[in-house]
Amino acid sequence: MRDQQAFYITTPIYYVNDVPHIGHAYTTIAADVLARYWRLRGQDVFFLTGLDEHGQKVQQAAAKAGIEPQAHCDKLAPQFQQLWTRLDISNNAFIRTTDPLHKKIVQRYLQELYDKGLIYKDSYTGWYCTFDERFWTEKDVADGLCPDCKRPVERLSEHNYFFKMGQYQDRLIDHIKTHQNFVRPESRRNEVLGFLQTQKLGDLSISRPKSRLSWGIELPFDKQYVTYVWFDALVNYLSALEYKLPSPSVDRYWPASVHLVGKDILTTHAVYWSTMLMGLELPLPETVFAHGWWTVDGEKMSKSRGNVVDPFAMADKYGVYAFRYFLLREVPFGQDGDFSEAALVARINSDLANGLGNLLSRTLTLVERSAGGTIPEIPPLLDTETEEKLTAAGLDAFRLADSDIQEMAFSRALETIWQLVRAADQYLEIHAPWTLAKDPSNRMLLERVLYRAADSLRLLAIAIYPFMPSTAEAISQQLGINLDFNTPIPFRDRQWNRLRPGTKIQKANALFPRIQPQTGTLSVTGHAATLSLSQGAKSVSDTPSASQPTAGATAPTAAAAQVPTSAVPAQITIEEFQKIQLKTAKVLSAERVPKSEKLLKLLVSLGTEQRQIVAGIGKRYEPESLIGKTIVIVANLKPAKLMGIESQGMVLAAGDSEVRGLATFLEDVEPGTKVK
Ligand code: MSP
């Protein structure tokens, strides 16, 4: 029985019929999060992934490539291994079912079941799908097509060996009923139970005549046959424990804690594998968790559609950790989801660049400017109320997010963790340390605010580590604390106020560069509004202007206005005024334009889109003080470049040569609202 301290997690072993895609990356990243999470909590984790190299699919792929199946596998295997390195996957072992030791173990189990009388020979006639390598019953193929892949099926009659799976039906139903966590999520558990309770479970054909398929493990009791690829593949979860570790460790790690699988291979795991284990008198895994599938831009992902997402390309283009974050944040684990680069870019910009990344850089800038680059002492609590929210968010980032991760609710866990990002941002807003710094009598509060903001980042680094290990390390290095994630993080370090005062920070590059949305990849609405001519008119048609976000031209700011005063007519008509589209915008980030006293580069949100605006308000405002503020912009100004930086709008400000104030609102107004 598995050691109390041990945690054994597996991914499916992937067919080597083609190069890896986002589906493979998804399961493996999720498994990596669990593995890293449990290691950080001091568990002895064994994380296994690998390749399923036998069977018809691989044989066909090799034939198509004109090479021997083994050569084909040897050629493709490194691509998977390289992908796992690229995606920072921390698997402890990588199994290939063509490993001689694996083959031996499969044969040993086959022999064991045979000797027990659980495998028998019989003839079978049925509808066979070559692609899925399986027989279907008459009623399954009413239209002559495989119900799974919709390819034509053929009538086939042959002698085969069968495993007495059917005899375990009641036991399996009972096991699922009495083990709440055996099949997850709940909806999938009900599906499996429903199937088992309404249909008779037949016996399982576990052989293929060599005349039809030669690429497989030979049956030890009949050389005319190879074993069915699933019998071979499922055994990997046990065989790896016998030969992939320095010493056989079945007792230490079995039963597995979690088999992570896609929804399409739940039956093979929950039913075939479970009954095989019953036959072998071995305990069943604790959990089989089936996740959903990704579509791509709303369509099924397939080679023929040419829309297969290459995880290497995504990692190269957007960064490994942003890609990992997106896959687990975007869709609740267990449900289907849609992948699009536009959604990925939107998440990177909002959650990573403007969220976590910005919090780090603004906090460290403040520590540099107001505390000489050193984490200050933490003075006593001065104001309980405004700290309560921050304190609670910091504790939730472990208490709540922990149970979410243990439940495999990764998206919810990240959402909870990001509450801490938001709470820390708001905390800075409320206390405005850039203002506190101006008055020495505020020193204590200033130091407390800086300490707490920096300590939030320390907690965030620990909380995000399983998802984004390198990002966590970067945060910890920039904070100057160099946390060691290779050893368990003690419970006390998940508490507040464990940052050592006096630590020298090491501010470095931004964690996540903001990504310019590409033309057509983000929804762009509400630019060139056609206005009706009646007084107080509303826009009657919003024409999306796809070129807007990347078009280059100058957008002057109020303070750096382009139009000479003399050229402005004393009076304008209402029609003329209505040509100007004013909108509310929320400031997501702000930074100084290098070598300019006056210019700030703002990233603002108009709700459905984001704009970069260069505004001449830098003498009046510190960039940090603007974040989160709702301002007014001229939204249909032709884009332009200021000091080489594109500006896509203009900020409304009071004052003439000197900025006195920014137009803003008394109420909380949604970004993107029309101003008239
Ligand atoms: N070799 C078997 C597994 C044997 S495990 C003992 C197999 N391999 S596979 O390469 O075809 O699929 C591996 C995994 O990729 C499955 O879990 C499957 O659900 C997953 N995915 C394939 N396409 C996917 C998406 N479009 N989205 C998410 N996961 C997807 O089956």
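## Elements and a loop with positive phi

Helices (H or I, at least four residues) and strands (E, at least two) are DSSP runs, numbered from the N terminus. In this predicted model, Asn482 sits in the loop that connects α18 (469–478) with β17 (528–531). Asn482 is not a glycine, yet its phi is positive, at about 40 degrees. With 51% relative accessibility, Asn482 counts as exposed, because the cut-off for exposed is over 50%.

Asp88 is another residue other than glycine with a positive phi, here near 60 degrees. Asp88 belongs to the loop between α3 (69–86) and β3. Its relative accessible area is 23%, so Asp88 is classed as partly exposed. Most residues other than glycine have a negative phi, and most peptide bonds are trans.

## Cis peptide bonds

The peptide bond from Arg184 to Pro185 is cis, and its omega is near -5 degrees. Pro185 lies in the loop between β7 and α6 (186–198).

A cis bond also leads from Trp254 to Pro255, with omega near 5 degrees. Pro255 is placed in the loop between α9 (250–253) and β12.

## Parallel sheet

An open sheet of six strands has the order β3-β2-β1-β12-β13-β7, with parallel pairing. At its edges stand β3 (93–96) and β7 (183–184); each has a single partner strand, so one side of each lacks a neighbour in the sheet. Five bridges join β12 (residues 258–262) to β13 (residues 287–291) in the parallel sense. Among the bridge partners, Val261 is matched with Ala290 in β13.

## Antiparallel sheet

Four strands make up an open sheet in the order β5-β4-β6-β8, and here the pairing is antiparallel. The edge strands, each paired on one side only, are β5 (134–136) and β8 (204–205). Strand β4 (residues 119–129) runs antiparallel to β6 (residues 154–163), and ten bridges connect the two. Ser123 has His159 of β6 as its bridge partner.

## Cysteines

The structure holds zero disulfides. Cys129 is in none, and its nearest cysteine sulfur, in Cys149, is 3.7 Å away. Seen from Cys149, the closest cysteine sulfur is that of Cys129, and 3.7 Å is too far for a bond, because a disulfide requires the two sulfur atoms to be within 2.5 Å.

Cys129 counts as buried, with 1% relative accessibility. Cys149 also counts as buried, at 18%, because the cut-off for buried is under 20% relative accessible area.

## Ligand surroundings

The ligand is surrounded by 22 residues, and the closest are Ile13, Asp52, Gly262, Asp264 and Trp294. Backbone contacts include one from Gly262, where a polar backbone atom is 2.9 Å from an oxygen atom of the ligand. A polar backbone atom of Tyr15 is 3.1 Å from an oxygen atom of the ligand. A side-chain contact comes from Trp293, with an N or O atom 3.0 Å from a ligand oxygen atom.

On its own the ligand has 670 Å² of accessible area, and the protein covers 93% of this. Elements giving two or more residues to the surrounding shell are β1 (6–15), α1 (22–40), α7 (229–234) and β12. The most come from β1, which gives four residues.

## Helix α17

Helix α17 has 22 residues (443–464), and at 1.5 Å a residue it should span 32 Å; the C-alpha atoms at its ends are 32 Å apart, so the two values agree. The helix is mostly covered, with 18 of its 22 residues buried.

How values were computed. Residues numbered from 1 in each chain as written. Predicted model: local features only at pLDDT ≥ 70, side-chain atom pairs only at ≥ 80, totals over all residues. Heavy atoms only, no water. Pairing = 2+ DSSP bridges. Buried < 20%, exposed > 50% of the residue type's maximum accessible area, 1.4 Å probe, protein only. Expected span 1.5 Å × (residues − 1). Near = heavy atom within 4 Å. Polar contact = N/O pair within 3.5 Å; in protein donor to acceptor, adjacent residues only side chain to side chain. Areas by Shrake-Rupley, 256 points an atom, 1.4 Å probe, with all protein chains shown as cover.
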